[in-house]
Amino acid sequence: MADFGGDLEGFRDEARTWLAENFLAALKDDPAAQLAASMGGRASPDAALWARRMGERGWGTPTWPKAYGGGGLTRTEARVLAEEMARIGARNPIGGMGVMMFGPTLLEVGTEEQKQRHIPPIVRGELRWCQGYSEPGSGSDLASLQTKCEDKGDHWLINGQKIWTSGANLADWCFCLVRTDPSRKHDGISFVLIDMRTNGVETRPIRLINGTSPFCETFFTDVKVPKENLMGPLNGGWTIAKRLLQFERENISASLGSGASPTLGQASGKVDATARQYVGVDEDDRLADGDLRERIVLHQMENRAFQLTTRRATLEASSNQGPSAATSIMKYAGAKIAQDRTELAVEAMGRRGLGWEGDGFEASELAATRAWLRSKANSIEGGTSEINLNVVSKRVLGLPDPK
């Protein structure tokens with residue numbers, strides 16, 4: 001790609017031309033297919049072709065270094081690309097945990113060999129990653145984790161269990177926190193990379209209240225891991241884990257505010273249309289229920305402010321050293337907004353918003369019910385709202401620890 005030397009209009013022309021030649025028009029009217037592909041779901045032939053083209057171009061990870069297959073774009077060029085994609089209804093088809101969390105962390109702290117091995121497949125959307133953090137007895141107090149990792153000379157031997165491992169049954173690799181020194185809490189944790197096809201790895205999907213099974217129990221029984229799969233220093237995993245969580249919260253916040261996640265149901269702009277459909281309008285063409293109308297407007301205002309704040313935080317992060325503890329603010333606010341969104345939609349639909357199955361309900365109504373139930377996890381995943389408020393208190397406001 002040419003170096004535009006700050007000529008953004010020149011880059012815009014190139015991006016617009018390339019997108020016109022490579023984006024499949026049939027996908028414009030099928031955002032669900034695009035989103036499923038970007039989140040590692042089963043892709044249609046058109047969505048798979050679009051993902052392959054974007055991966056080969058490196059524009060699925062536009063600001064990642066070209067040396068590892070990324071786009072090598074500046075932040076400003078990446079925004080131009082996003083604008084041109086939005087203009088034609090194209091979504092980024094390269095996503096998942098490899099892009100959202102692990103890849104950015106690996107680029108910061110991984111060895112050159114680890115980057116060369118793992119970044120290119122992430123860029124091309126070829127491999128799925130999962131996150132081995134939470135354990136049955138170590139959720140909010142993550143540093144109490146007990147999954148044991150023993151040094152056996154030429155390899156690591158891992159035994160233990162993880163829980164709420166998103167997509168573990170579909171994943172190719174897992175970035176995992178393990179206990180390498182039982183005598184120390186935070187300073188006894190290491191960060192390892194586990195091939196999910198290794199003998200001794202077992203996953204069991206967990207059925208959720210909304211009927212889906214996106215999370216798993218994950219068991220490690222005498223799992224042998226090569227020594228080179230240790231990422232960062234021995235017993236230095238906690239620092240890496242916290243950095244990765246900042247990337248996770250930044251990306252979750254962006255999807256919560258935009259309504260881009262397939263688990264969130266309707267975007268804010270559609271809540272008003274849903275309410276008008278089910279509640280009706282008055283003689284002035286306003287939503288007939290004044291109280292509900294006011295709450296929807298307040299929600300839309302809050303969501304718009306959140307989107308602008310998220311955009312500003314992203315720009316600030318790009319001019320510094322990536323995301324900061326302030327991502328906990330955005331994660332907390334984004335979770336609340338996403339939950340408000342689904343609750344308002346279900347309320348507006350009345351009894352039609354409480355269907356679970358049967359021919360008496362439209363598919364969109366059943367989807368709204370499941371999205372409402374699924375949104376309850378928004379204030380848990382990526383760090384609970386309570387944990388994020390603690391981070392804000394200590395790391396952003398500088399308040400003393402009450403302990």
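**Notes on a predicted model: hairpin, strands and helix pairs**

1. A good place to start is the hairpin that β2 and β3 make, with three residues between the two strands. One of the turn residues, G153, has a positive phi of about 90 degrees. Please keep in mind as you read on that this is a predicted model.

2. How do the two hairpin strands pair? β2 covers residues 148–151 and β3 covers residues 155–163, and they pair in the antiparallel sense over four bridges. If you want a spot to click on, try D151, which stands opposite W156 in β3.

3. β3 also pairs with another strand, β7, which takes in residues 215–226. These two run antiparallel as well, and eight bridges join them. For a landmark here, look at H155, whose bridge partner in β7 is P226.

4. Now to the helices, beginning with α10, residues 327–349. Does its length fit its residue count, and what span should we expect? At 1.5 Å a residue, the 23 residues of α10 should span 33 Å, and the C-alpha atoms at its ends are indeed 33 Å apart, so the two values agree. Just after α10 comes G350, with a positive phi of about 65 degrees.

5. α10 has a partner in α12, residues 385–396: the two axes come within 8 Å and cross at roughly 150 degrees. An angle over 145 degrees counts as roughly antiparallel, and α10 and α12 are therefore roughly antiparallel to each other. The crossing in which α10 passes α12 is left-handed. On the α10 side the contact is made by S328, I329, K331 and Y332, and on the α12 side by S385, N388, L389, V391, V392 and V396. By type, the residues of this contact divide into six nonpolar, three polar and one charged.

6. Closer to the start of the numbering you will find α1 (residues 8–22) and α4 (residues 75–87), whose axes come within 9 Å and cross at roughly 40 degrees. α1 and α4 are therefore oblique to each other, and their crossing is right-handed. From α1, the residues L8, F11, R12, A15, R16 and L19 meet T76, E77, V80, L81, E83, E84, M85 and R87 of α4. What kinds of residue make up this contact? They divide into seven nonpolar, one polar and six charged.

7. The last pair to look at is α5 (residues 97–109) with α6 (residues 112–123), which pack at an angle of about 155 degrees with their axes 10 Å apart. Parallel or antiparallel? α5 and α6 are roughly antiparallel to each other, and they make a left-handed crossing. Here G98, V99, F102, G103, L106 and L107 of α5 meet Q114, K115, H118, I119 and I122 of α6. This contact divides into six nonpolar residues, four polar and one charged.

8. One reading tip for the contact lists above: an α-helix has 3.6 residues a turn, so residues three or four places apart point the same way. In α6, for example, the residues in contact with α5 include Q114, H118 and I122.

Technical notes. Residues are numbered from 1 along each chain as its sequence is written. This is a predicted model: local features need pLDDT of at least 70, side-chain atom pairs count only at pLDDT 80 or more; totals for chains, interfaces and linings use all residues. Side-chain values use heavy atoms; hydrogens and water are left out. Axes are lines fitted to C-alpha atoms, for helices over the stretch in contact, and angles run from 0 to 180 degrees between N-to-C directions. Angles under 35 degrees count as roughly parallel, over 145 as roughly antiparallel, 65 to 115 as roughly perpendicular and the rest as oblique. A crossing is left-handed if the near helix is turned anticlockwise from the far one by less than a right angle, and right-handed if clockwise. Contact means heavy atoms within 4.5 Å. Ala, Val, Leu, Ile, Met, Phe, Trp, Tyr, Cys and Pro count as nonpolar, Asp, Glu, Lys and Arg as charged, and the others, Gly among them, as polar. Two strands pair if DSSP finds at least two bridges between them. The expected span of a helix is 1.5 Å times one less than its number of residues.
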